[in-house]
Amino acid sequence: AGYPLNLDSFNELPLPATYQLKVGDVFEIDINGLKIFSDEVRIDPMGAISIPGFGQSNVAGLTLSTATKRIEDLVDSAYPGSDVYVGLKQINPKKVYVLGNVLNPGGYGVNAFATVINSLIASGGFKENSSLRNIQINNQGSVKTIDLYDFLINGNTASDVVLDDGDTLLVPGVSTSVSVFGAVNRPAIYEIKKGETLANVINFSLGFSSMADESNITIKRRNVLGSLSSIAIENKSFEDFQVQNG
């Protein structure tokens with residue numbers, strides 16, 4: 001809550017050639033030759049730009065490198081031998097939808113390079129019992145699932161992907177989890193996936209503290225009758241012991 005969204009601004013960083021242009025983006029175009037032009041040109045609602053005296057070209061949806069080449073070809077066809085400079089002056093925000101178990105579900109205008117994390121923060125963050133490991137990104141009917149534990153625990157930024165204009169994030173609830181207590185560096189409740197082991201859970205809790213007795217680990221598990229039983233983990237077989245919900 002209260003996160004300053006302007007800190008997500010990337011407008012002063014170099015744009016990648018693969019940036020996909022949108023309606024409302026503004027070009028800065030300088031042309032020197034038989035005819036001189038220097039001005040800002042905005043992509044209109046039809047997805048086109050119009051350069052007075054040179055012509056018109058559809059560029060929305062193209063990458064920056066492809067659109068630059070198309071503009072250069074347009075100028076060259078009108079006045080061969082002209083020198084052309086094309087840059088982006090302003091980037092229009094993109095709209096993403098954050099739905100499900102978040103504090104303020106809805107549509108949000110975010111920076112052109114906003115990621116999953118930025119968009120979740122814009123929605124106010126997670127409610128209790130939200131899944132961080134099964135977040136779904138719907139991109140024009142294609143659904144991708146991401147696991148934020150890889151980013152939040154291991155620091156792997158590949159999990160925090162850049163969203164496209166119109167993407168939908170869906171945050172479901174937690175279905176399976178375990179609680180970790182005792183001499184670990186971060187006792188907490190952790191979401192688990194099928195097949196994960198005690199070794200995974202210890203990694204989630206950032207490992208044992210300096211005072212831990214690694215030979216004295218107990219699992220409390222509720223059986224089908226609802227009563228708790230205790231399981232002692234021996235010989236440090238953490239990788240072989242699969243944990244279960246609860």
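# Exercises on salt bridges, a pocket and the surface

A search of the whole structure finds five salt bridges. The model is predicted. Work through each task with the structure in view.

## Exercise 1

Find the partner of aspartate 73 in a salt bridge, and place both residues in the chain.

Solution. Step one: look for the partner. Aspartate 73 pairs with lysine 69, and their closest N and O atoms are 3.0 Å apart. Step two: check the cut-off. A salt bridge needs a side-chain nitrogen of Lys or Arg within 4 Å of a carboxyl oxygen of Asp or Glu. Step three: place the residues. Both aspartate 73 and lysine 69 lie in helix α1, residues 64-78. They are four residues apart, about one turn of the helix. Step four: judge the cover. Partly exposed means between 20% and 50% relative accessible area. Aspartate 73 is at 41%, so it counts as partly exposed. Lysine 69 is at 46%, so it counts as partly exposed.

## Exercise 2

Trace the salt bridges of arginine 133 to aspartate 147 and to glutamate 196, and state which parts of the chain each pair links.

Solution. Step one: take aspartate 147. The closest N and O atoms of arginine 133 and aspartate 147 are 2.9 Å apart. This pair links distant parts of the chain, 14 residues apart. Arginine 133 is in the loop between α2 (116-122) and β8, and aspartate 147 is in the loop between β9 and α3 (149-152). Both arginine 133 and aspartate 147 are buried.

Step two: take glutamate 196. Its salt bridge with arginine 133 has closest N and O atoms 2.7 Å apart. Here too the pair links distant parts of the chain, 63 residues apart. Glutamate 196 sits in the loop between β12 (188-191) and α4. Glutamate 196 is buried, as is arginine 133.

Step three: join the pairs. Arg133, Asp147, Lys193 and Glu196 are linked in a network of salt bridges.

## Exercise 3

Describe the largest pocket by its volume, its lining and the elements that supply it.

Solution. Step one: give the volume. The largest pocket holds about 670 Å³ of space. Step two: go to the lining. It has 26 residues, and Ser179, Val180, Phe181, Thr218 and Ile219 lie nearest the centre of the pocket. Step three: name the elements. β11 (177-180), α4 (198-204) and β13 (217-222) each supply at least two lining residues. The largest share, six residues, comes from β13. Step four: sort by class. The lining has 14 nonpolar, seven polar and five charged residues.

## Exercise 4

Explain what stands out in the phi values of glutamine 140 and leucine 206, and locate both residues.

Solution. Step one: recall the rule. Most residues other than glycine have a negative phi. Step two: read the values. Phi is near 55° in glutamine 140, a positive value. Phi is near 65° in leucine 206, also positive. Step three: locate them. Glutamine 140 is in the loop between β8 (135-139) and β9 (142-146). Leucine 206 is in the loop between α4 and β13. Step four: check the cover. Glutamine 140 counts as exposed because its relative accessibility is 78%. Leucine 206 has a relative accessible area of 43%, so it is partly exposed.

## Exercise 5

State which residues make the nonpolar surface patch that includes Leu99, and place Leu99.

Solution. Step one: list the members. Tyr97, Leu99 and Leu170 make a nonpolar surface patch of about 230 Å². Step two: place leucine 99. It is in strand β6, residues 94-100. Step three: test its cover. Patch residues need over 30% relative accessible area. Leucine 99 is at 35%, so it counts as partly exposed.

Definitions and conventions: Residues numbered from 1 in each chain as written. Predicted model: local features only at pLDDT ≥ 70, side-chain atom pairs only at ≥ 80, totals over all residues. Heavy atoms only, no water. Patch = residues over 30% accessible without salt bridge, like charges linked within 9 Å, V, L, I, M, F, W, Y side chains within 5 Å. Areas by Shrake-Rupley, 256 points an atom, 1.4 Å probe, with all protein chains shown as cover. Buried < 20%, exposed > 50% of the residue type's maximum accessible area, 1.4 Å probe, protein only. 1 Å grid on protein atoms, 1.4 Å probe; cavity = no way out; pocket = protein on both sides within 12 Å on 5 of 7 lines; lining within 4 Å. Points joined across faces, edges and corners; volume = space filled by probe spheres on them. Nonpolar A, V, L, I, M, F, W, Y, C, P; charged D, E, K, R; others polar.
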